[in-house]
Amino acid sequence: MAMRQTPLTCSGHTRPVVDLAFSGITPYGYFLISACKDGKPMLRQGDTGDWIGTFLGHKGAVWGATLNKDATKAATAAADFTAKVWDAVSGDELMTLAHKHIVKTVDFTQDSNYLLTGGQDKLLRIYDLNKPEAEPKEISGHTSGIKKALWCSEDKQILSADDKTVRLWDHATMTEVKSLNFNMSVSSMEYIPEGEILVITYGRSIAFHSAVSLDPIKSFEAPATINSASLHPEKEFVVAGGEDFKLYKYDYNSGEELESYKGHFGPIHCVRFSPDGELYASGSEDGTLRLWQTVVGKTYGLWKCVLPEEDSGELAKPKINFPETAEEELDLSWISKIQVNKPAVLRRAEQIQARRPVKKEWQAAWLLKAVTCIDLTTLSGDDTASNIQRLCYKAKYPIREDLLKALNMHDKGITTAAVCVYPARVCDAVRALKAAGCDIPVASVATGFPAAQTHLKTRLEEIRLAVEDGATEIDVVINRTLVLTGQWKALYDEIRQFRKACGEAHLKTILATGELGSLTNVYKASMIAMMAGSDFIKTSTGKETVNATFPVAIVMLRAIRDFFWKTGNKVGFKPAGGIRSAKDSLVWLSLIKEELGDEWMKPELFRIGASTLLADIERQIYHHVTGRYAAYHDLPMS
């Protein structure tokens with residue numbers, strides 16, 4: 001029976017990860033360095049992904065990074081027209097090597113005395129690191145920018161790749177020995193010393209050549225464009241990743257595809273096997289590195305051997321095994337070790353908010369998508385049956401029919417995702433929607449909303465009554481005291497009881513993040529809520545001083561992502577409170593797309609809790625269709 005890959009996710013970068021490299025095996029294990037467009041290459045423990053340090057000094061995107069064999073030195077190549085050499089133990093910068101253009105690639109000789117660089121100026125440079133003042137030796141011949149340059153054949157030869165050509169050079173004479181031409185852009189190149197094998201990717205092809213003669217050995221075709229591939233040290237497997245966000249694993253000898261799975265939430269830019277072949281690392285547009293086991297289920301690093309259960313022969317679905325009885329013990333000791341990197345979160349939030357919004361017909365399309373994700377809400381003390389009836393009518397007809405016809409969307413069945421009301425108004429909403437002939441879900445807040453300061457028995461009864469009245473979604477609010485005092489087991493137990501009381505109804509757990517004290521608490525509460533069985537996690541009640549903010553959302557989305565990778569379970573996300581403008585909704589949609597991918601951009605996994613947002617979206621669509629803005633009284637009220 002096949003076992004599910006459970007990767008280790010290495011966060012910290014704020015932009016796409018474009019290159020990575022392992023050291024050799026040292027007395028202290030082996031190490032991993034990553035290059036990122038955020039300009040801050042990072043060093044990690046190779047078998048666990050644990051962060052060791054960040055090399056600070058570049059003033060532009062870092063395109064290439066490498067470690068010497070014993071992990072005492074690191075080198076990086078950057079868009080600031082420099083390559084830098086670092087002390088990998090202390091993190092100190094040892095030297096800066098000025099270039100005339102962007103540097104893309106760096107590589108040490110085996111003795112670490114020389115550094116090879118290449119970049120957009122089409123020149124290979126060889127620096128004597130023992131003579132930092134000496135001018136480098138230069139090799140010309142490339143006709144476009146150099147993407148990768150590597151020492152090979154015990155440093156007697158050099159391999160280099162530009163856009164559509166791979167060249168082999170003799171180190172002693174500095175002359176070209178042979179070249180390979182391709183009809184499409186070369187995306188990556190890897191050199192395997194044992195057996196002198198060169199791995200080249202271009203388009204959908206993964207090609208293997210002799211590093212000595214450049215003669216072809218074999219090639220595989222992948223289902224999608226491949227950006228990087230790596231050969232196992234024992235030449236048993238090949239892994240590759242590319243534009244479809246997937247990782248592919250092949251049998252090197254037969255070329256058979258052994259497995260494929262979605263590896264990231266963005267295109268994969270680089271993959272590499274560890275020096276012992278026990279794992280491979282991947283770096284992506286989504287800003288993360290992931291470590292994957294070569295043999296799934298084997299005890300290694302942070303992975304512990306798990307024997308699959310016997311079943312009927314079908315592939316087992318990933319399950320979360322949590323205690324069902326009070327006698328079983330739930331280990332939450334790991335919760336205390338979690339820390340959130342607040343500066344990195346704030347930088348990411350700034351990036352999202354600085355994005356230019358889409359315009360014209362693309363904006364209209366995104367706004368209609370936002371409409372389908374809205375939980376149209378009224379939570380006022382003066383709600384009446386007539387208010388609820390009007391709300392439900394607006395949920396069924398969120399955009400004026402003539403506007404939808406102008407967009408050719410009148411027959412697409414566009415409605416809001418749900419209506420959300422107080423428990424006492426659930427019956428009114430169910431009756432109104434039934435009379436309107438639609439099956440839009442009715443959501444109800446519960447559990448002492450918004451403060452959750454009533455007895456647990458009362459809160460549970462409130463859930464049961466709302467479900468009995470016809471609510472199919474329950475928005476519960478947690479007791480913030482349990483978070484602020486670190487009572488994680490009590491919080492887990494409480495949400496488990498909410499889950500049981502909901503029965504078949506969806507459970508959306510409101511964290512009230514504005515009252516949790518820190519981003520670390522937001523992450524911890526998110527994980528506990530998902531572990532306890534929440535179908536959605538929601539930012540706010542809308543009644544706090546601070547409601548849905550982008551830093552909080554990023555932390556919650558990363559928690560959802562981590563939970564998915566650990567368990568295979570997809571949990572939805574609902575920001576609520578303070579989302580009033582159409583522009584806001586576009587930013588939230590783009591955040592979901594970038595952090596979780598297209599799978600989450602649907603009402604089953606993404607909701608926006610709002611009462612006034614729909615009116616502004618309809619005004620913007622009115623403007624797109626007519627060229628002028630409508631007054632609010634020109635549009636139906638909700």
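Five bridges join strand E15 (residues 157-161) to strand E16, and the two run antiparallel. Strands here are DSSP runs of E of at least two residues, numbered from the N terminus, and two strands pair if DSSP finds at least two bridges between them. Before I continue, colleagues, a word on the source: this is a predicted model, in which local features need pLDDT of at least 70 and side-chain atom pairs count only at pLDDT 80 or more, while totals for chains, interfaces and linings use all residues. Residues are numbered from 1 along each chain as its sequence is written, and side-chain values use heavy atoms, with hydrogens and water left out.

Let me stay with strand E16. Within the pairing of E15 and E16, Leu159 stands opposite Leu168 in E16, and a hairpin of three residues joins E15 to E16. On to the next strand: E16 pairs with strand E17 (residues 175-181) in the antiparallel sense, over six bridges. Leu168 has Lys178 as its bridge partner in E17. Leu168 therefore has a bridge partner in E15, namely Leu159, and another in E17, namely Lys178, and in general the strands of a sheet pair through backbone hydrogen bonds, either parallel or antiparallel. E16 and E17 also form a hairpin, with four residues between them, and Met174 in that turn has a positive phi of about 60°.How enclosed is strand E16 (residues 165-170)? Five of its six residues are buried, so the strand is largely enclosed by the rest of the structure. Buried means under 20% relative accessible area, exposed means over 50%, and partly exposed lies in between, with a 1.4 Å probe and protein chains only.

I turn now to two open sheets. One has four strands in the order E18-E19-E20-E21, with antiparallel pairing. Strand E18 (186-192) and strand E21 (216-221) stand at its edges, each with a single partner strand, so one side of each is left without a neighbour in the sheet. From one strand to the next, the twist averages 15°; the axes are lines fitted to C-alpha atoms, for helices over the stretch in contact, and angles run from 0 to 180 degrees between N-to-C directions. Inside this sheet, strand E19 (residues 197-202) and strand E20 (residues 205-210) pair in the antiparallel sense over six bridges, and Ile197 stands opposite Ser210 in E20.

The other open sheet also has four strands, in the order E22-E23-E24-E25, with antiparallel pairing. Its edge strands are E22 (226-231) and E25 (257-262), and each pairs on one side only. Neighbouring strands of this sheet are turned by 15° against each other on average, direction ignored. E22 is joined to strand E23 (residues 237-242) by five bridges, and these strands run antiparallel. Leu231 has Val238 as its bridge partner in E23.

Next, the aromatic residues. The structure holds 15 aromatic pairs, where rings of Phe, Tyr and Trp (its six-membered ring) pair if their centres lie within 6.5 Å, and planes under 30 degrees apart count as stacked, over 60 as edge-to-face and the rest as tilted. One of these pairs is Tyr248 with Tyr250, which is stacked, at 6.4 Å centre to centre and 25° between the planes. Tyr248 is buried at 4% relative accessibility, and Tyr250 is buried at 2%. Another pair, Tyr393 with Tyr397, is tilted, at 4.9 Å centre to centre and 50° between the planes. What of the accessibility of Tyr393? At 51% relative accessibility, Tyr393 counts as exposed, whereas Tyr397 is partly exposed at 36%.

Ring pairs also link Phe208, Phe220, Tyr248, Tyr250 and Tyr252 into a cluster. Lys218 lies over the face of Tyr252, at 4.2 Å from the ring centre. The criterion is that NZ of Lys or CZ of Arg is within 6 Å of the ring centre and within 35 degrees of the ring normal. Elsewhere, Lys570 lies over the face of Trp600, at 5.9 Å from the ring centre.

How many disulfides are there? The count comes to zero, a disulfide being a pair of cysteine sulfur atoms within 2.5 Å. For Cys10, the closest cysteine sulfur is that of Cys270, at 12 Å, too far for a bond; Cys10 is buried, with a relative accessible area of 3%. For Cys392, the closest cysteine sulfur is in Cys438, at 7.4 Å, again too far for a bond. Cys392 counts as buried at 1% relative accessibility.

Finally, I come to Gln293, which is found in strand E28 (residues 289-293) and is buried, with a relative accessible area of 5%. Gln293 and Glu278 are 15 residues apart in sequence and 6.2 Å apart in space, C-alpha to C-alpha. The side chain of Gln293 reaches the backbone oxygen of Lys298 at 2.5 Å.

Methods: Polar contact = N/O pair within 3.5 Å; in protein donor to acceptor, adjacent residues only side chain to side chain.
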